[in-house]
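Student: Please take me through one part of this model closely. Begin with a single side chain, then follow its surroundings outward.

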Amino acid sequence: MKKWKATVLLAIVLVITAILTVVSFARFPVGTKDFNGFLGAIETEYDLSGGTAYTLTLDKDNVEDVKDVKEVIDTLKNRLNLLGYENYSVKAIKDVDEAVEDYDIRIETRGKVNKYGEIDKSALAQDIAVVAAYGELKFFGGTSESPTEEILKDGKVVADASYGGTQPYGTTTYYLINITFTDYGYNGIKELMGSGNYYLSIYLGDEPLTGTKGLSISASTFAKTYSLTTEAGESSARQFALQMKSGGLAYKYNVSGGEDVSSPLGENIGTKSIIALGVLILAVIAAMFVFDKKYGVVSCLSMILFTNLYLAMLVAIPNIKVSFGGIIGVALAIMLVADGLFITSKRIKEEFARGKTVKSSVRTGYKRSILPILGSTGVAAVLALILLAFTGGAVKNFAIIFVIGAALSLITTLLIARMFTSLILPLAEYKESFFGVKIAANAADGTAEGKGE
């Protein structure tokens, strides 16, 4: 490549990299709002940023004492998972001054971000109320819009229920709830409804889940697995599916609280984690300059662009939240990039040792580095995908964040670093000193090969 052309292209790439860096880290006003950069826009989980705490206190009118508080806690955790929460704390607490067997239960988690980019505490409070709801499912059916006759009292009616995603219709978005009835429930409703329209009202204890009017069910479309729709939003659809699937708790609790709490890992753990990652990146860059001399500038620019792209992906991909497990995933992805850059540099130097020219050493070195980089990245990504498939919580968050980083590490080591090398080498006049090595003497004729081909 001509020197002037490489200079122009490198300048363009550096300007783009600088703009991405500003967009990633800087905070500045945009109109009436502040832009916090990609780093500030990343959603974090409860274990990094803290959250909101609620206390469940056993109601005085509860019919029986709690036999196994661990079972209640496991049920609450399962319900939080079904509503999409993966990072939380649920634990039993007891006043040491009271000789009672019944424990209060404390739930701490971080609310979901609404469309305005703010933590929606009201939605969180509603989710907690649904998770702690008490009572059994009751079904009322009939031909009137608000049926009052209780039906299906002798067995389990619903086998399973789940949130089914969205279904756009014109300008309206509907949210699906898939309900699978038991044989008893399906046959009972089918027999009662006959051949016409039928209305079904569902209650959890004394609270109506279907509103003041029942659900209209047509005999021609009713099936054992039946999809209901709502316009109320994803949160309401998930809540309804949860209550249909598992009913309410066997014990009646009163929910109180809603106060902010700090991270269980300590104050400012999120900021400290970011600083630690920054130090790691700087350490990797410094090591590359020590090992690769002037060629370390390629590793430096590649790592900067990798970091910018990583932050952008964590913002752009929907429903990505970073927990402490995710921080570990980012750190390992950074080391994966460093390993790939080190492998490439080593392969290039090995070609120099064979007496090849600069151009030939670079071309062959990058070619020989492809398989080992693919191998190490592939093995790590497969292990992360296995964790993603079989785990949850912080481990699952680690797997998701790391897989994203592994994909970007391949792009960085095989494409971005190669691009910077191709643009910078003409400016270095293809000198072997740029790599901190000397061309080996040719064993065949005792002469040193030139720098060009």
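**From one lysine to the core**

Tutor: Lys396 is partly exposed, because its relative accessible area of 24% falls between the 20% limit for buried and the 50% limit for exposed. Keep in mind that this is a predicted model.

Look at what Lys396 touches with its charge. Its side chain meets that of Glu86 in a salt bridge, 3.2 Å from N to O. The two partners sit 310 residues apart, so this pair links distant parts of the chain. Glu86 is in the loop between helix 4 (69-82) and strand 5 (88-93). Lys396 belongs to helix 12 (residues 393-424). Glu86 counts as partly exposed too, at 31% relative accessibility.

Now stay with helix 12 and turn to the nonpolar side. The largest nonpolar core has 56 residues. Tyr310, Phe420 and Phe435 have the most contacts inside this core. Six helices each supply at least two of its residues: helix 1 (3-25), helix 8 (269-292), helix 9 (296-316), helix 10, helix 11 and helix 12. Helix 12 gives the most, with 12 residues. In general, nonpolar side chains in soluble globular proteins tend to be buried together.

Zoom in on Tyr310. Leaving aside residues up to four places away in sequence, Tyr310 touches Gly329, Val330 and Ala333. Tyr310 also touches Ile401, Phe402, Ile404, Gly405 and Leu408. Another core lies apart from the largest one. This second core has 28 residues, among them Ala133, Leu152, Tyr175 and Leu204.

Back to charges, now on helix 10 and helix 11. Glu350 forms a salt bridge with Arg368, and their closest N and O atoms are 3.0 Å apart. Glu350 lies in helix 10 (residues 324-353) and Arg368 in helix 11 (residues 358-390), so the pair ties together parts 18 residues apart in sequence. Both ends are partly exposed: Glu350 has 25% relative accessibility, and Arg368 has a relative accessible area of 32%. This pair belongs to a wider network of salt bridges, which links Arg347, Glu350, Glu351, Arg354, Lys356 and Arg368.

One more bridge is worth a look. Lys431 and Glu429 meet through their side chains at 3.5 Å, N to O. Lys431 is partly exposed at 39%, and Glu429 is partly exposed at 37%. The whole structure holds 16 salt bridges.

Some lysines meet rings instead. Lys349 lies over the face of Phe291, 3.9 Å from the ring centre. Lys112 lies over the face of Tyr85, at 4.7 Å from the ring centre.

Finish with rings that meet rings. A search of the whole structure finds 8 aromatic pairs. One of them joins Phe181 and Phe222. Their centres are 5.5 Å apart, their planes make an angle of 55°, and the pair is tilted. Phe181 lies in strand 10 (residues 172-181), while Phe222 is in the loop between strand 13 (215-218) and strand 14 (225-230), so the pair ties together parts 41 residues apart in sequence. Both phenylalanines, Phe181 and Phe222, are buried. Contrast that with Lys396, which is partly exposed. Tyr186 and Tyr226 join Phe181 and Phe222 in one aromatic cluster.

Methods
Residues are numbered from 1 along each chain as its sequence is written. This is a predicted model: local features need pLDDT of at least 70, side-chain atom pairs count only at pLDDT 80 or more; totals for chains, interfaces and linings use all residues. Side-chain values use heavy atoms; hydrogens and water are left out. Rings of Phe, Tyr and Trp (its six-membered ring) pair if their centres lie within 6.5 Å; planes under 30 degrees apart count as stacked, over 60 as edge-to-face and the rest as tilted. Helices (H or I, at least four residues) and strands (E, at least two) are DSSP runs, numbered from the N terminus. Buried means under 20% relative accessible area, exposed over 50%, partly exposed in between (1.4 Å probe, protein chains only). A charge sits over a ring if NZ of Lys or CZ of Arg is within 6 Å of the ring centre and within 35 degrees of the ring normal. A salt bridge is a side-chain nitrogen of Lys or Arg within 4 Å of a carboxyl oxygen of Asp or Glu. A nonpolar core is a set of buried Ala, Val, Leu, Ile, Met, Phe, Trp, Tyr and Cys residues joined through side-chain atoms within 4.5 Å. Contact means heavy atoms within 4.5 Å.
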